[in-house]
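Here's a quick tour of one protein model, with an eye on its empty spaces and on how its helices and rings pack. Have the viewer open while you read.

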Amino acid sequence: MDEPKQERAVKTRDTILHAAAEVFDECGFSGASISKIMSRAGVTQGGMYFHFKSKRGLAMAVMASQQDFVEPPKGPAGLQALIDLTFYLARELQRNVLFRASVRLAVEQGEFGVRSDTAYQEWVDHFLKHLRVARELGELLPDVEEADFATTLVGAYTGTQLYSNIASERKDLPQRVSLLWRFTLPAIATPEARELLRIRPGKGGLPA
């Protein structure tokens, strides 16, 4: 029995989106082309333009899907969960082409006429949830403003992953994330919390 037309359309759109992410990751926005994306997706020109009218539209869709391309670890929130999340994202940047593409496009967005901090703000909000729980658990120092640190952490993490990409194609990113926490934790966490927190990359780049 043939699948419903709407279901086929959704699958085709997802196929195009994933193919576009792969090409953007490999070539960047400037080096990517609609023909390359069509070839990778295995769709016709009509199928492509039914879903996406331009390369810019494709890039914006990939960039907007950043958090859809990863599934953060589930479990209790708090400072350790936030640390674990940053190591998880480091590992995803190493192995997940879809996530890498969305991050690359967020950096290159000026090339396609976009100026939006939405992708970054979504991570600020995500980090902030963990920091608010950390406050409730008594893990944060009294003078720490959770929202301010969430914003600072996203900025520092962005710079760290970009530096790592240039230096080693992100091979050393877990180690750099560990250093980031080594120098930031004393500024935000109580001595009691720091005694219990794990900030070294172990097997697979996750905390040990």
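How many cavities of 30 Å³ or more does the structure hold? Just one. Bear in mind as you go that this is a predicted model.

## The overall fold

Let's set the scene before going inside. The secondary structure adds up to 10 helices and zero strands, so to read along the sequence is to follow α-α-α-α-α-α-α-α-α-α. Taken along the principal axes, the C-alpha atoms fill a box of roughly 60 × 40 × 35 Å.

## The closed space

Rolling a probe the size of a water molecule over the atoms shows where empty space is left. Here, the largest cavity comes out at about 210 Å³. Its lining is made of 15 residues, and those nearest the centre are Q66, V103, W123, Y157 and T158. Four elements give two or more residues to that lining: α5, α6 (97-108), α7 and α8 (146-168).

And what classes of residue line the largest cavity? There are 12 nonpolar and three polar residues, with no charged ones.

## The open space

Now for the largest pocket, which has a volume of about 170 Å³. You can pick out its lining by selecting P72, P73, K74, G75, P76, A77, A81, D84, L85, H126 and H130. Sorted by class, that lining holds six nonpolar, three polar and two charged residues.

Two helices, α5 (79-95) and α7 (118-136), each supply at least two residues of the pocket lining. Of the elements, α5 gives the most, with three residues.

## Where α5 meets α7

Two packed helices are described by the angle between their axes and the distance between the axes. For α5 and α7, the axes come within 7 Å and cross at roughly 150 degrees. Angles over 145 degrees count as roughly antiparallel, and that is why α5 is described as roughly antiparallel to α7.

On the α5 side, the contact is made by L79, A81, L82, L85, T86 and L89. Facing them from α7 are W123, H126, F127, H130, L131 and A134. The residues of this contact divide into nine nonpolar and three polar, with no charged ones.

Some of these names have come up already. A81, L85, H126 and H130 are also among the residues that line the largest pocket, while W123 is one of those nearest the centre of the largest cavity.

## Aromatic pairs

The count of aromatic pairs comes to five. One to look at is F29 with F112: the ring centres are 4.7 Å apart and the planes sit at 40 degrees, so the pair is tilted.

Which parts does this pair tie together? F29 lies in helix α1 (residues 5-31) and F112 in the loop between α6 and α7, so the two rings link parts that are 83 residues apart in sequence.

Definitions and conventions
Residues numbered from 1 in each chain as written. Predicted model: local features only at pLDDT ≥ 70, side-chain atom pairs only at ≥ 80, totals over all residues. Heavy atoms only, no water. 1 Å grid on protein atoms, 1.4 Å probe; cavity = no way out; pocket = protein on both sides within 12 Å on 5 of 7 lines; lining within 4 Å. Points joined across faces, edges and corners; volume = space filled by probe spheres on them. Nonpolar A, V, L, I, M, F, W, Y, C, P; charged D, E, K, R; others polar. Axes fitted to C-alpha atoms, helices over the stretch in contact; angles between N-to-C directions. Parallel < 35°, antiparallel > 145°, perpendicular 65-115°, else oblique. Contact = heavy atoms within 4.5 Å. Phe/Tyr/Trp six-rings, centres within 6.5 Å; stacked < 30°, edge-to-face > 60°.
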